[in-house]
Amino acid sequence: MKTITMAGTLALLAVSGAFHAASAQAVVQADGSSTVFPVTEAMAEEFQKANPNIKVTVGLSGTGGGFKKFCRGETDISNASRPITAAEQKACKEAGVEYIELPVALDALTVIVHPSNDWASEMTVAELKTIWQPEAQGKITNWKQVRSSFPDKPLVLYGAGVDSGTYDYFTAAIVGKEHSSRGDFTASEDDNVLVQGVAGDPNALGFFGLAYFEENADKLKAVKIKLNDAAPAIEPSVENARTGKYQPLSRPIFIYVSKKAAEAKPEVAKFVEFYQDPKHAVELIKEVGYVPLPEAALKAFQERFAKREIGTGFTGSKVGVSVEDLLKEKLVY
Amino acid sequence: MTDISQLSEAEIIRSARRSEKRFALLGLSVLSLTMLVLLTLIIDFMVDGLGRIDYDFLTSFPSRRPNDAGILSAWVGSALVMIVTAALAVPLGVAAGLYLEEYAPKNLITNLIEINVTNLAGVPSIIYGLLALGLFIQMFGLGQTIFVAGLTLALLILPIIIVATREAVRSIPQEVREAAFALGADKWQTVGGYILPAARPGILTGAIVGMSRAIGETAPIITIGALTFIAFLPPSPVGPEFPFINFDWLGSPFTVMPIQMFNWVSRPQAGFHVNAAATGLILLAMTLLMNAGAIWLRYKLRRAMR
C-alpha cells in the first residue's frame with residue numbers, strides 16, 4: 001500500500017508543480033508551417049548560441065494549426081508558408097491579437113521530371129495549366145496531349161498534399177485559382193515520397209520546394225519555366241528567384257509576429273531582429289535551401305518591424321509579384 | 001467429406017494428427033512472418049542508423065546541420081513524460097481494477113463500466129489527444145507541458161492497466177481470500193496483504209505493456225502541440241538547495257523521440273533520414289529494455305512469492 005500512497009502524493013505534488021509553470025524564464029515560442037520550420041530552426045539555433053539565457057522553441061503544427069494557436073495568443077511567432085487567410089484574420093482580430101507580417105525568404109517551387117526525360121526541359125505556364133487544371137482529370141493522361149512534339153508516353157503526376165501551402169500556391173500560380181486542380185495525382189504531405197516517386201518513374205512529373213530538388217539533384221531533373229511563349233525559359237535557382245526572374249513559381253514565406261509579444265517580451269523583439277539581420281540571415285537561409293530576400297526588401301521589412309506596423313498586404317495567395325511589389329501593398333488589419 | 005463411421009480408429013487418429021500438424025505449420029509460418037517483418041525493420045534501422053549513434057548524438061540538441069544534430073532534448077523529454085505517465089496511470093489503474101474486481105457490487109452499472117473500460121482500450125490514440133487538447137489545454141489552460149503530455153498518455157494507457165489488474169486479481173484462487181478471512185483478516189488486510197502481492201506480476205506486465213505503447217505514441221502528443229525544435233533541457237528535478245527536489249520540470253515545454261523522428265523523416269537532407277533511423281533504433285532499444293526489465297522484475301517477484 002505504501003507504493004500507492006507514495007505515488008498518489010507524487011501525483012498531487014505534480015499537479016501543484018505544473019501550475020507555477022515555466023513563466024519565469026525568457027522563452028520565445030514559435031510554431032507553424034513545416035516549410036518555414038528549417039529557417040526558423042536555423043535562426044533559433046544560432047540565436048541561442050549568441051544569447052544563451054534566452055530560449056527559443058519551434059513547433060510543427062502546419063501553417064493553419066500554427067495560426068490557430070497564434071490567434072489564441074498561445075505563441076509569439078507563427079511560421080507561415082502562405083499569407084494569413086480572411087478567416088484567420090477574423091479569428092486574430094476577435095481575440096485581439098495584432099500581428100506584424102514579415103516575409104523572411106523566398107521558396108522557388110520546382111517542377112521536376114525523371115533525369116531520363118529528354119523532352120520536357122522547359123515548359124510554359126499554359127502547358128502546366130493544361131496538365132493540372134481540374135478539367136484535365138482523366139483526360140490529359142499522355143505527354144503528347146501537352147505538346148504535340150512530346151512523345152506518346154503516359155503522364156504520371158505527383159504533387160504536394162492538398163492541405164499544404166505549397167499546393168495552394170502552385171494551383172494559384174498555374175491553374176489561376178487557389179486550391180483547385182485535378183484530383184488524380186499522387187499527393188503527399190511528405191516531399192520525400194514525391195522525390196522517390198518521380199525518381200523512380202521515367203514518365204513522371206511533380207512539384208515541390210527548391211530545397212528538396214537541390215538535395216536530390218542527382219536523381220531528378222528540374223524543368224525550366226517560361227511565363228509565356230515569348231518569355232525566356234528560366235531555371236529554378238536561388239539566384240533567379242532572388243532577382244525575381246523565376247516567375248510565377250517563387251513565393252514568399254513568412255513569419256507573423258504578435259505585436260503584444262514583441263512589445264511585452266524583449267526577447268521576442270530581439271529574436272525577430274536577429275532573424276531579419278542581413279549579416280547572418282542571408283547565409284543561414286541559403287544554407288537550409290531557401291532563397292534570401294533581396295537587400296532592399298530585407299531592409300524594408302526590418303523597418304516594418306521596427307515601426308511595429310500591423311496587418312497583412314494579402315488577400316489570398318498573390319502570384320507573379322516581386323517582393324518589391326509586396327512592399328507597396330497597403331496593410332490591412 | 002469422408003464419413004467418419006467408415007474409417008478405422010487408426011485412420012481417425014492419423015487424420016487428427018495431420019490436421020494438428022497443419023495447424024502447427026500454419027501457426028509457425030504466421031509467427032515466422034511476423035518475426036521476419038520485425039527483423040527486417042530492425043536490420044533496416046541498423047543499416048541506416050547504427051553508425052550514427054555515438055556519445056555526441058545522445059548529448060547534442062537538434063540542429064539545422066544533420067551531422068551536429070542529436071536527440072538529447074528528445075530522449076530526456078520521452079523519459080520525463082514516461083515518469084509522469086507511470087506515476088499517474090499505475091496507481092489509478094491498479095486502484096480502479098482492484099475496486100471493480102473486489103469491492104464493486106455486481107450490478108448493471110458495474111457491468112456497464114466494465115464494458116466501457118474494455119472498449120476504451122481500443123479507442124484510437126488521436127482521440128485522447130483531441131480530448132487533452134480540448135480539456136487540459138483549452139479549457140483548463142494548462143499549456144503544452146510535460147505534465148499535460150504525461151497526463152494524456154496516462155489516460156491512454158489507463159484502460160490497459162485496469163484490464164490487466166482485473167485479470168491478475170481474478171486469477172488468484174478464491175481459497176486465498178477464504179484463508180485470509182478465516183485467519184481474521186478484514187477485507188482491506190486481505191487485499192493489501194495477499195491479493196495485491198499475488199497479483200503483482202500480472203499488474204506489472206500490464207503496466208509495462210501500457211508504457212511501451214505510450215513511449216512510441218506520436219499522434220496525441222502532436223495534437224496537444226509538443227514542440228519540435230527545443231535546444232534546452234527542462235529544469236533539473238534534483239536541485240542543490242532545500243528541499244533538493246523540485247517539480248518545475250513538469251511545466252516545461254518538451255519534445256519526444258517519435259516527434260523528432262517524424263520531423264527528420266520529412267526533411268530534404270539525407271543526413272536527417274539517417275538521424276531518424278538512429279532515433280528509431282534508440283526508441284526500439286528503450287522499449288525492449290523496458291520489457292526486459294518487466295520480465296526480470298516479474299521473475300524476481302514470482303521467486304519471492306514461493
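These legends accompany several close-up views of a predicted model with chains A and B.

**Figure 1. The interface between chain A and chain B.** Let us start where the two chains meet: 42 residues of chain A are in contact with 36 residues of chain B. About 3,400 Å² is buried between the two chains, and carbon and sulfur atoms give 62% of that area. Between chain A and chain B there are 12 residue pairs in polar contact, counting pairs with both residues at pLDDT 80 or more. On the chain A side, at least two residues each come from helix H1 (2-19), helix H2 (37-50), strand E2 (55-59), helix H8 (210-215) and helix H12 (278-287). Helix H1 of chain A supplies the largest share of this side, with 10 residues. By residue type, the side of chain A that touches chain B divides into 24 nonpolar, 8 polar and 10 charged residues.

**Figure 2. Strand pairing across the two chains.** Here strand E2 of chain A meets strand E1 (residues 227-230) of chain B, and the two run antiparallel, joined by 3 bridges. To find your way in this view, look for A:Val58, whose bridge partner in strand E1 of chain B is B:Phe229.

**Figure 3. Salt bridges that cross the interface.** Chain A and chain B have 5 salt bridges between them. A good place to begin is B:Arg64, which forms a salt bridge with A:Glu46 at 3.0 Å, N to O. B:Arg64 also forms a salt bridge with A:Glu45, where the closest N and O atoms are 3.3 Å apart. This second pair runs from helix H2 of chain A, home of A:Glu45, to the loop between helix H2 (55-59) and helix H3 (72-103) of chain B, where B:Arg64 sits. Are these two residues buried or exposed? A:Glu45 is buried, with a relative accessibility of 9%, and B:Arg64 is buried as well, with a relative accessible area of 5%.

**Figure 4. Salt bridges within each chain, and a shared network.** Over all chains, the whole structure holds 23 salt bridges. In chain A, A:Glu295 and A:Arg242 form a salt bridge at 3.9 Å, N to O. This pair links distant parts of the chain, with A:Glu295 in helix H13 and A:Arg242 in helix H9, 53 residues apart. A:Arg242 counts as buried, at 17% relative accessibility. In chain B, the closest N and O atoms of the salt bridge between B:Glu101 and B:Arg170 are 3.3 Å apart. Here too distant parts of the chain are linked: B:Glu101 belongs to helix H3 and B:Arg170 to helix H6 (residues 146-170), 69 residues apart. B:Glu101 is buried at a relative accessible area of 17%, whereas B:Arg170 is partly exposed at 46%. Back across the two chains, salt bridges with shared partners join A:Glu45, A:Glu46, A:Lys49, A:Glu287, B:Arg64, B:Arg65 and B:Asp68 into one network.

**Figure 5. Helix H6 of chain A and what covers it.** Why is helix H6 (residues 165-174) of chain A described as largely enclosed by the rest of the structure? The reason is that 10 of its 10 residues are buried; among them are A:Tyr167, A:Asp168, A:Tyr169 and A:Phe170. The cover over these buried residues includes strand E4 (99-113), helix H5 (125-132), strand E6 (156-160), strand E8 (204-209) and strand E11 (250-258) of chain A. Just after the helix, A:Gly176 takes a positive phi of about 100 degrees.

**Figure 6. Strand E8 of chain A and its partners.** 6 of the 6 residues of strand E8 of chain A are buried, so this strand is largely enclosed by the rest of the structure. Strand E8 pairs with strand E4 of chain A in the antiparallel sense over 5 bridges, and A:Leu205 is the bridge partner of A:Val113. With strand E6 of chain A, strand E8 runs parallel, joined by 3 bridges; here A:Gly206 is the bridge partner of A:Tyr158.

**Figure 7. Backbone geometry in three loops of chain A.** Most residues other than glycine have a negative phi, and most peptide bonds are trans. A:His179, in the loop between helix H6 and strand E7 (186-188) of chain A, has a positive phi of about 65 degrees. A:His179 is partly exposed, with a relative accessible area of 45%. A:Arg308 also has a positive phi, of about 55 degrees, and lies in the loop between helix H13 (295-306) and helix H14 (323-328) of chain A. At 18% relative accessibility, A:Arg308 is buried. The peptide bond from A:Gln247 to A:Pro248 is cis, with omega near 0 degrees; A:Pro248 lies in the loop between helix H9 (238-242) and strand E11 of chain A.

Terms used: Residues numbered from 1 in each chain as written. Chains lettered and ligands numbered in written order. Predicted model: local features only at pLDDT ≥ 70, side-chain atom pairs only at ≥ 80, totals over all residues. Heavy atoms only, no water. Contact = heavy atoms within 4.5 Å. Buried area = accessible area lost by both parts, 1.4 Å probe. Salt bridge = Lys/Arg side-chain N within 4 Å of Asp/Glu carboxyl O. Polar contact = N/O pair within 3.5 Å; in protein donor to acceptor, adjacent residues only side chain to side chain. Helix = DSSP H or I, 4+ residues; strand = E, 2+ residues; numbered from the N terminus. Nonpolar A, V, L, I, M, F, W, Y, C, P; charged D, E, K, R; others polar. Pairing = 2+ DSSP bridges. Buried < 20%, exposed > 50% of the residue type's maximum accessible area, 1.4 Å probe, protein only.
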